[in-house]
Amino acid sequence: MIELYPAIDLRDGAAVRLVQGDFARSTTFNEDPVSQAREFAREGATNLHVVDLDGALGGQPVHAPIVAQLAAAFPGAVQLGGGLRDRASVETAMATGVARVVVGTAVVEDDEFIRWAAARLGDKLVVSLDARDGMLATHGWTQVSDRAAVDVAADLARTGVRHLLYTDIGRDGTLGGPNLGALRKVAQAAPPLSILASGGISSLDDLTALAQLRVPNIRGVIVGRALYEGRFSVAEAIATLKTASR
């Protein structure tokens, strides 16, 4: 079954959502992200995806104290991304008590770092591939590289990385539906990797379509704005994924 990961994106200490990674198009949904995490847990969530947006933009983690509170308050597994581009930041993230860390920009900048992280963290490492029109974006989605996400995914399968998060930036925060074709290509390019999908989920039908791709290494889906806007609940999402995965 594909697992649900409700998202909490941290900006200035609040839970927000961006549109297509644009910091100028930010909506605050909860001034208290810890209470939001508890609410997701009450609704049945067992995973939580947290992004330090200020850290992603600045290049180093900013909200470690809040992340530690989230990890302590949420009874399931918390994974953290945003600004984790060197060994020190990864160690700091792990010290907050999260179950996994998500690195992104470092993929295209430092092969040695990725290999160190894979060896150091094993199953606790997630590599994030964020793409605009199929090309890898970096530095908090503010820069686009000349590498195709599909090619990077295939390369990562040979480094010891076990988990991959794929985001179609053009769909993220838009409620326009996921890019299922791109997701399938990335997943099929790296069959040893467990894939976490992100970007564009707007309805229970989108979750059904994702599950019915029947790509075995797609194991999870991140949902943000659709939950905050009440388009469906955590419980409904979990039930839909369970039914559609049969």
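Buried here means under 20% relative accessible area. All the views below come from a predicted model.

**View 1. Ala106 at the start of things: a buried residue in helix α5.** Ala106 sits in helix α5, which covers residues 106-109. With a relative accessible area of just 1%, Ala106 falls under the 20% cut-off and so counts as buried. Who touches Ala106, once its neighbours within four places in sequence are set aside? The contacts are Arg85, Phe113 and Ile114. For a sense of scale, Gly134 is 28 residues from Ala106 along the chain, and their C-alpha atoms are 18 Å apart.

**View 2. Phe40 and Tyr228, an edge-to-face pair.** The structure has 3 aromatic pairs. In this one, the ring centres of Phe40 and Tyr228 are 5.8 Å apart and the planes make an angle of 65 degrees, which is edge-to-face. The pair ties together distant parts of the chain: Phe40 belongs to helix α1 (residues 33-42) and Tyr228 to helix α10 (residues 225-228), 188 residues apart. Phe40 is buried at 3% relative accessibility, and Tyr228 is buried too, at 15%.

**View 3. Phe113 and Trp116, a stacked pair within one helix.** Here the centres of Phe113 and Trp116 lie 5.9 Å apart, with 25 degrees between the planes, so the pair goes down as stacked. Both residues are in helix α6 (residues 111-121), and because they are 3 residues apart, about one helical turn separates them. Are these two buried or exposed? Phe113 is buried, with 3% relative accessible area, and Trp116 also counts as buried, at 17%. Phe113 has already turned up in View 1, as one of the contacts of Ala106.

**View 4. A ring cluster around Phe40.** Phe29, Phe40 and Tyr228 are joined into a cluster by ring pairs. The Phe40 and Tyr228 pair of View 2 is edge-to-face.

**View 5. Stepping back to the protein chain.** The chain has 11 helices and 12 strands. Its C-alpha trace spans about 40 × 40 × 30 Å along the principal axes. The radius of gyration is 16 Å, in agreement with the value near 18 Å for a compact globule of 246 residues. Of those 246 residues, 56% are buried. Take the contacts between residues at least 6 apart in sequence: 69% of them join residues at least 24 apart. About 10,000 Å² of surface is accessible, and carbon and sulfur atoms account for 46% of that. As for charge, there are 24 positive and 28 negative side chains, with the centres of the two sets 6 Å apart.

Technical notes. Residues numbered from 1 in each chain as written. Predicted model: local features only at pLDDT ≥ 70, side-chain atom pairs only at ≥ 80, totals over all residues. Heavy atoms only, no water. Phe/Tyr/Trp six-rings, centres within 6.5 Å; stacked < 30°, edge-to-face > 60°. Helix = DSSP H or I, 4+ residues; strand = E, 2+ residues; numbered from the N terminus. Buried < 20%, exposed > 50% of the residue type's maximum accessible area, 1.4 Å probe, protein only. Contact = heavy atoms within 4.5 Å. Rg over C-alpha atoms; globule rule 2.2 N^0.38 Å. Areas by Shrake-Rupley, 256 points an atom, 1.4 Å probe, with all protein chains shown as cover. Lys, Arg positive; Asp, Glu negative; His and termini not counted. Charge placed at Lys NZ, Arg CZ, Asp CG, Glu CD.
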